[in-house]
Structure formats: C-alpha cells, structure tokens
Amino acid sequence: MRACHSIDAKLTRRRLVAGGAAAAVALANDPAAAQRCPAIPPDHPKGAPVWLDLDQQDLDEAYDQNVYAFNFKNIAERRAANNETALAMIGRPERVAYGPTDIEKVDIYRTRQLNAPVMVFIHGGGWRNGRSADFALFAEVFVKAGANFVAVDFTNVVETKGDLFPMVDQCRRAVAWVYRNAASFGGDPNAIYLCSRSSGSHLAGCLVITEWDKQGLPRDIFKGAVLGGGMYDLKPVRLSKRGNYVKFTDEMEEALSAQRHIENIHTPLILAHGTLETPEFQRHTRDFAAALKAAGKPVQLIVGKGYNHYELGETLGNPYAILGRAALEMMKLA
C-alpha cells in the first residue's frame, strides 16, 4: 500500500498566500495541510511560474484530484455500493424532462410532506464524468428529513466539444423548470436550495450569479446554497492541463467565473473545502469566501479537517457530517 501523509504545511501555506492570497488564508484558523501521494513529490526541474508560484507541473497536479486523494478508487467503489443501498431504501426517482434532448432531465426524489422545501443538486466529475443517477445516496438524507431532492442531469464537456456554456445553460433551465413546476411534485417554489460538489460547484457558482429576474423569476430563487470543493475563477484552471479538454475562451473565463460577478449574488452561501484537498482547490474556496465577505454578502466558510476532495463530497449524504449537516441546518431541517 502506498503511504500518503501531509506535506509540510509551510509549503502549502506558501503556495496559498503567494500572489496576495493572505487575506483569504486568514479566514481559516489553521494552515492548510494538503495531502498528496507520494507524500514527497518526485524531484522535477522547477520551471517558470505559471500561476502564483506554481510551475506547469505543479499547476497541473493542483487540478488533478487523484494526486491528492490516494483512495479515490476506494471511495468510488463505496459510493456505488451506497447508491444502490439508498435506492433500495427510498426507491427510484421520477425522471422528468426540463428540455428537449434525452439527457435534459431531472431526477426527483419526493419526500412524504406536501409543500416541502426543494434541494437541487449539481454533480461533479471534472465536467467530464458523472450522471444524476449516481447520487441517490445524497437524496436519502434530505427525503427522510422532509425535503424533496432534485438531481440535475446534463451533458459533459467532451460531448460539447470543450464548451462549458451549454452545461451552464442546461443547469439554468433545469432550475427554472424546478421553480415553475415545484408544486407538481409537492415542492415549495419559495423554498428552493442548492448544493453541489467539485466541478458541480463551479456550475452552481454560475447558477447563483444568474440574473434570474431577466427570466421573470425571483433573483433570490435560491434561499441558500452549500458549495463544496469548487472553482470560482477560471483563469488558473484555463492555464492547467484541464485546458486540454475544455476549450477556454476569454468570454468563457469572464462570464463563468462566479468570483467576478459577486454583485449578482443574492443567495446566502456556505462554502467548504477539506484540508487534504489540493492547494488550488483550497485557495479557490477561501478566495471566494473572502471576496464575498468583503462585498458584504452573507457567506460562511467551513474547513473540513482531515478530508480530501472525495471524502468531503461523501459528507453530503451524512446528516452528522460537514456538508450534510450544513445543508440541513441551512434548510432548518436539522
């Protein structure tokens, strides 16, 4: 078995504060302690800085979760098994179209109560992987707590030939459908919440900056959102190896970077990252939280001690763990 340990906190802290991120780091009580495998990275000739003080290899690894989560295969196996268990407990969802193509559907897990709050979930997967059907394990905790759970299905960036705009558009249309049709599945359109993880949190960031009033919808369509392990400014992502499969443009970088459109946010946000996530994913969350706080927007930062990226995501399905507890308390269902 490969042994993986926390790297020197000074290294991670140095990277996080480089380039003026010190204010963001101050939001957390303790320095981050990113985990990677192997614990001591192989020597490589230090190249020219590409982003902050990261050379190209460091930056690429900072956007590769598997470098910092040695147990990712175990977690994927566990998630699949838990998904089947959850489906056996709460039953398969009602699958309803929000758009014309086959994938443009939402999975609705109903709670027993009428006029119940609605939790909309946006899945992650590096923009390339994942389907709504993979996340019944998150639905169970909300259904049993008295909320409807709606998992959004959408295409991936490989199918869009590297374009993130169609994915954001699908998620926006799905949310509009949920608001307009909530009563049809026993949901309260005035109590819609949002949760997400990983690249889904990037998409969720695009949802909370949407100018909903231009569609005749409430600009505070979400009464709260819990975003775990996300990316909120696409510039460094564009510079990383993710630029090999996402065809970034200046327009995409600007329009789909939530941190650049804070004035459009009318949703109280809870942002979370684990201390064993990559240094860049920790920085994204802290910088976004700091920018929201500076703008006077309601935001809470949660730092998950001892969690890597995938482990943090798992907590959404646990009412007594980080994301699940935060979401239920936000919905007043704890």
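# Exercises on a predicted model

In β7, the residue that forms the bridge partner of Leu227 is Leu271. The structure used here is a predicted model, and the exercises below start from that strand pairing.

**Exercise 1. Place strand β6 among its neighbours, and decide whether its faces are covered or open.**

Step 1. Begin with the pairing to β7 (residues 269-274), which joins β6 in the parallel sense over four bridges; Leu227 and Leu271 are partners in this pairing.

Step 2. Turn to strand β5 (residues 187-197), which runs parallel to β6 and is joined to it by four bridges; here Ser196 is the residue that stands opposite Leu227.

Step 3. Examine the faces of β6 (residues 225-228): Ala225 and Leu227 lie on one side, Val226 and Gly228 on the other, and since these are all buried, both faces of the strand are covered.

**Exercise 2. Determine which strands pair with β3, and how many of the residues of β3 are buried.**

Step 1. Between β3 and β5 there are six bridges, and the two strands run parallel; within this pairing Phe121 stands opposite Cys195.

Step 2. Strand β4 (residues 148-152) also pairs with β3 in the parallel sense, over four bridges, and Met119 is found opposite Phe149 of β4.

Step 3. Seven of the seven residues of β3 (residues 116-122) are buried, so the strand is largely enclosed by the rest of the structure.

**Exercise 3. Describe the surroundings of Lys105, and decide whether the residue is buried or exposed.**

Step 1. Locate Lys105 in strand β2, which covers residues 105-109.

Step 2. Compare its relative accessible area of 18% with the cut-off for burial, which is under 20%; Lys105 is therefore buried.

Step 3. Follow the side chain, which reaches the backbone oxygen of Asp102 at 2.8 Å.

Step 4. List the residues that Lys105 touches, leaving aside those up to four places away in sequence: Arg95, Val96, Ala97, Tyr98, Ala151, Val152 and Asp153.

**Exercise 4. Survey the aromatic rings, and classify the pair formed by Trp212 and Phe222.**

Step 1. A search of the whole structure gives 11 aromatic pairs. In the pair of Trp212 and Phe222, the centres are 6.2 Å apart and the planes make an angle of 85°; an angle over 60 degrees counts as edge-to-face, and the pair is accordingly edge-to-face.

Step 2. Both residues belong to the loop between α8 (199-208) and β6, where they lie 10 residues apart.

Step 3. Check the burial of each partner: Trp212 is buried, with a relative accessible area of 1%, and Phe222 also counts as buried at 1% relative accessibility.

Step 4. Consider the cluster that ring pairs build from Tyr109, Phe121, Phe135, Phe138, Phe142 and Phe149. Two of its members have appeared already, namely Phe121, which stands opposite Cys195, and Phe149, which stands opposite Met119.

Step 5. Add the charges that sit over rings: the charged end of Arg128 lies 3.9 Å from the centre of the Tyr245 ring, while that of Arg242 lies 5.8 Å from the centre of the Trp127 ring.

**Exercise 5. Set these details within the chain as a whole, stating what percentage of its residues count as buried.**

Step 1. The chain contains 13 helices and eight strands, and 57% of its 334 residues count as buried.

Step 2. Among contacts with a separation of 6 or more, 75% are between residues 24 or more positions apart.

Step 3. The chain exposes about 14000 Å², of which carbon and sulfur atoms supply 51%.

Definitions and conventions
Residues are numbered from 1 along each chain as its sequence is written. This is a predicted model: local features need pLDDT of at least 70, side-chain atom pairs count only at pLDDT 80 or more; totals for chains, interfaces and linings use all residues. Side-chain values use heavy atoms; hydrogens and water are left out. Buried means under 20% relative accessible area, exposed over 50%, partly exposed in between (1.4 Å probe, protein chains only). A polar contact is a pair of N or O atoms within 3.5 Å; within protein, one must be able to donate a hydrogen and the other to accept it, and residues adjacent in sequence count only if both atoms are side-chain atoms. Contact means heavy atoms within 4.5 Å. Accessible areas come from the Shrake-Rupley method with a 1.4 Å probe; for residues, only the protein chains shown count as cover. Two strands pair if DSSP finds at least two bridges between them. Rings of Phe, Tyr and Trp (its six-membered ring) pair if their centres lie within 6.5 Å; planes under 30 degrees apart count as stacked, over 60 as edge-to-face and the rest as tilted. A charge sits over a ring if NZ of Lys or CZ of Arg is within 6 Å of the ring centre and within 35 degrees of the ring normal.
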